[in-house]
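Let's explore a protein structure together through a few short exercises. Try each one yourself before reading its solution.

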Amino acid sequence: MTRSAVLSTRVLLTCAAIGVAAGVLGGIEGWLAIPVLATLPIVYGFMLGVHVLPGIIAQEALRLPWVALMTHLIAALVSAAIAPPYLLQFFGTALLFGGIQEVVAALTRYRVWQAWRFFISAAVIGVLVAVAVFFAAHLSSLPVWAQITYLALSFLGPIAWTAVGLAIGAGLRRAGVARR
């Protein structure tokens, strides 16, 4: 794969368009975090899963190296413009989630694009989200059933959002976005 194919204007503009759309969702999630934690905390981890979308959509649509990380960083810029107090969280999430998605794709040498590969990165991210929200949300104050539900939804959120991202990315591919 040539370097120009990865960094072409078409690829960068596609990453930017996906990043803007996903960044708007990320910014909305940022503003909803506090009210959701205050009123219905068990769904917060599931809601965090929305941040897997930029990389999943970009990788499924373009199937090229580095598109997940580029798209995540663009989404973080947009999310930070919408919800500035969460700037560091957005960029940290972009680097972590985009990095995991790129590492999983790199392990298959960017040649395997079946759904199972995307769900591996989603499961890794799901474990990280579940652990992070366990400590951030003070789960010990909730009943045991709520703690278990919280952790399960935190793990399943990135997996469910990955399925959504794969559907969107496949639709973009069918529409001709990935045409060379």
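The exercises below look at one residue, one helix and one pair of helices in this predicted model.

**Exercise 1.** Find the helix that holds Ser 154, then decide whether Ser 154 is buried or exposed.

*Solution.* Start with the helix: Ser 154 sits in α8, which covers residues 144-174. Next, look at accessibility. Buried means under 20% relative accessible area. Ser 154 has 0% relative accessibility, so Ser 154 counts as buried. Finally, look for its partners beyond four places in sequence: Ser 154 is in contact with Gly 45, Phe 46, Gly 126, Val 129, Ala 130 and Val 133.

**Exercise 2.** Work out how many residues of helix α4 are buried, and name helices that cover them.

*Solution.* Helix α4 runs over residues 53-62, and ten of its ten residues are buried. Among them are Pro 54, Gln 59 and Glu 60. Now turn to the cover: it includes α2 (9-39), α5 (67-82), α6 (87-107), α7 (115-136) and α8. One last stop comes just after α4, where Arg 63 takes a positive phi of about 55 degrees.

**Exercise 3.** Describe how α2 and α5 cross, and sort the residues of their contact by class.

*Solution.* First, the axes of α2 and α5 come within 6 Å and cross at roughly 45 degrees. Because of that angle, α2 is oblique to α5. The crossing of α2 and α5 is right-handed. By class, the contact of α2 with α5 has 16 nonpolar residues, six polar ones and no charged ones.

Key: Residues are numbered from 1 along each chain as its sequence is written. This is a predicted model: local features need pLDDT of at least 70, side-chain atom pairs count only at pLDDT 80 or more; totals for chains, interfaces and linings use all residues. Side-chain values use heavy atoms; hydrogens and water are left out. Helices (H or I, at least four residues) and strands (E, at least two) are DSSP runs, numbered from the N terminus. Buried means under 20% relative accessible area, exposed over 50%, partly exposed in between (1.4 Å probe, protein chains only). Contact means heavy atoms within 4.5 Å. Axes are lines fitted to C-alpha atoms, for helices over the stretch in contact, and angles run from 0 to 180 degrees between N-to-C directions. Angles under 35 degrees count as roughly parallel, over 145 as roughly antiparallel, 65 to 115 as roughly perpendicular and the rest as oblique. A crossing is left-handed if the near helix is turned anticlockwise from the far one by less than a right angle, and right-handed if clockwise. Ala, Val, Leu, Ile, Met, Phe, Trp, Tyr, Cys and Pro count as nonpolar, Asp, Glu, Lys and Arg as charged, and the others, Gly among them, as polar.
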